[in-house]
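Below is a short note on the pockets, the ligand site and two backbone details. Please read it alongside the sequence and the coordinates.

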Amino acid sequence: MKNLRYPALMVNHEKFRENVRLVTDKCREHGIEVAGVIKASNGMPRIAEDFVASGASIIASSRLEQLERAELATADVPLLLIRIPMLCEVEDVVRVADISLNSELKVLEALNAEALRQRKTHKVILMADLGDLREGYFEADELIETALIVENRMEGLVLAGIGTNLGCYGSVKPTAKNMKALSELAERIETRIGRELEYVSGGASSSMMPVLDNVMPAKVNMLRIGALVYTGGLDELAQVYGYKWAEKLNDDAFVLRAQVIEKKVKPTHPIGELGVDAFGKKREYVDRGNRLRVLLAVGRADYGDIEDILPELPGSFVVGASGDHTILDIEDCRIKPEVGDVIEFRLKYSALLRLSGSENVRIYNK
Ligand SMILES: *Cc1c(COP(=O)(O)O)cnc(C)c1O
């Protein structure tokens, strides 16, 4: 590839597909289908295609615009909206998404009215909050009561299942215990409605923990997977929870490339009276004496936090960054890049999420 423009996000679809395949195979062994979550790639249609080609049976996103883009790429695959619908988007939810996650009667009523108006049936999954304290019914009885209202009184909606989300706001781990609570809740609803629910959605990438530990209850039959397949061994499953299995996945399906725009030896402690940095924060600076560093034309406006980008150049480390610049220490590098050279970074989830949506970042597919 000649004449690339930077900063660039390089997408290796083969590596991404390998990741999705490993996860969907593992899930299938446990009777679980995978909803491929496309939000980390800003809903790139090719990523939706990769998910489907590698075993995902649903495409999911928190944003309707992304589902709409994916729709063209994935033909008959059901589209799942994984953020509780806004009342202002109900018309589009029914038009674009086949299924949505829900936690408010008022929203369900609006979806029902809209589905009837569009002469469609829209599937809903009711969310149970099992302690992570983001979305979902906190009281099981309220969830069951709502499920019965949907089942018996909302002709435009289909009660497709229940679900939960963990490890997002409250950092709560998906364990055998809370997965069992979800299964039991599903069973209580099934008893009341006299049929099986289509979906019991046990969470996101972190819910691979009970799968890998062989403690996921059989009732859980869907996971909504994003982070793990994007970042592989850089995902928290490997990094925080030490699941070696995650290291089988590629952690370089997505890499950032940035160009060197300055190379100079400079002191490491700022000179002058110190106030605040570009983001209005007071900072501490370590004095390491004079060191060789390069300046890269990419910054926090593109990727967020410096902890989330990992330079591939051995011996280098990110010293700091402002909105559009990143300072990379190369004093200890055996190979020292020149102005015009390009440095590659592996990416943690939140950096990828931002980069894929940044209009300053070119995306190249391979
Ligand atoms: C983002 C999201 C997911 C996917 O989470 P990952 O950690 O990326 O696997 C699943 N469910 C909901 C509701 C989400 O918002």
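**Notes on the predicted model**

1. In the lining of the largest pocket, 12 residues are nonpolar, 5 are polar and 9 are charged. The coordinates come from a predicted model, not from an experiment.

2. The volume of the largest pocket is about 740 Å³. Its lining comprises 26 residues, and those closest to the centre are Tyr285, Val319, Gly320, Ala321 and Ile327. Three elements give two or more residues to this lining: β11 (290-296), β13 (317-321) and β14 (326-329). Of the elements, β13 supplies the largest share, with 4 residues.

3. Which pocket does the ligand take up? The ligand fills space belonging to the second largest pocket. That pocket holds about 580 Å³ of space, against about 740 Å³ in the largest pocket.

4. The second largest pocket is also described by its lining of 26 residues, where Gly167, Cys168, Ala227, Glu236 and Tyr349 are nearest the centre. Here the elements contributing two or more residues are α9 (227-231), α10 (236-239) and α12 (349-357). By class, this lining divides into 10 nonpolar, 8 polar and 8 charged residues.

5. How many residues surround the ligand? There are 14, and the closest are Lys39, Ser205, Arg224, Gly226 and Ala227. Ala227 is also listed among the residues nearest the centre of the second largest pocket. The shell around the ligand consists of 7 nonpolar, 3 polar and 4 charged residues.

6. Polar contacts to the ligand involve several side chains. An N or O atom in the side chain of Ser205 is 2.6 Å from a ligand oxygen. For Lys39, a side-chain N or O atom is 2.8 Å from an oxygen atom of the ligand. Arg134 has a polar side-chain atom 3.3 Å from a ligand oxygen. The ligand taken alone exposes 390 Å², and the protein buries 91% of that area.

7. Two backbone points could be checked in the coordinates. What kind of peptide bond joins Tyr6 and Pro7? The bond is cis, with omega at about -5°. Pro7 is located in the segment before β1 (8-11).

8. The other backbone point concerns Asn42, a residue other than glycine with a positive phi, near 55°. Asn42 sits in the loop between β2 (33-37) and α2 (45-53).

9. To recap the ligand site: the ligand takes space in the second largest pocket, the protein buries 91% of the area that the ligand exposes when taken alone, and the side chains with an N or O atom at a listed distance from a ligand oxygen include those of Ser205 and Lys39.

How values were computed. Residues numbered from 1 in each chain as written. Predicted model: local features only at pLDDT ≥ 70, side-chain atom pairs only at ≥ 80, totals over all residues. Heavy atoms only, no water. Near = heavy atom within 4 Å. Polar contact = N/O pair within 3.5 Å; in protein donor to acceptor, adjacent residues only side chain to side chain. Areas by Shrake-Rupley, 256 points an atom, 1.4 Å probe, with all protein chains shown as cover. 1 Å grid on protein atoms, 1.4 Å probe; cavity = no way out; pocket = protein on both sides within 12 Å on 5 of 7 lines; lining within 4 Å. Sits in = over half its atoms within 2 Å of the grid points. Nonpolar A, V, L, I, M, F, W, Y, C, P; charged D, E, K, R; others polar. Points joined across faces, edges and corners; volume = space filled by probe spheres on them.
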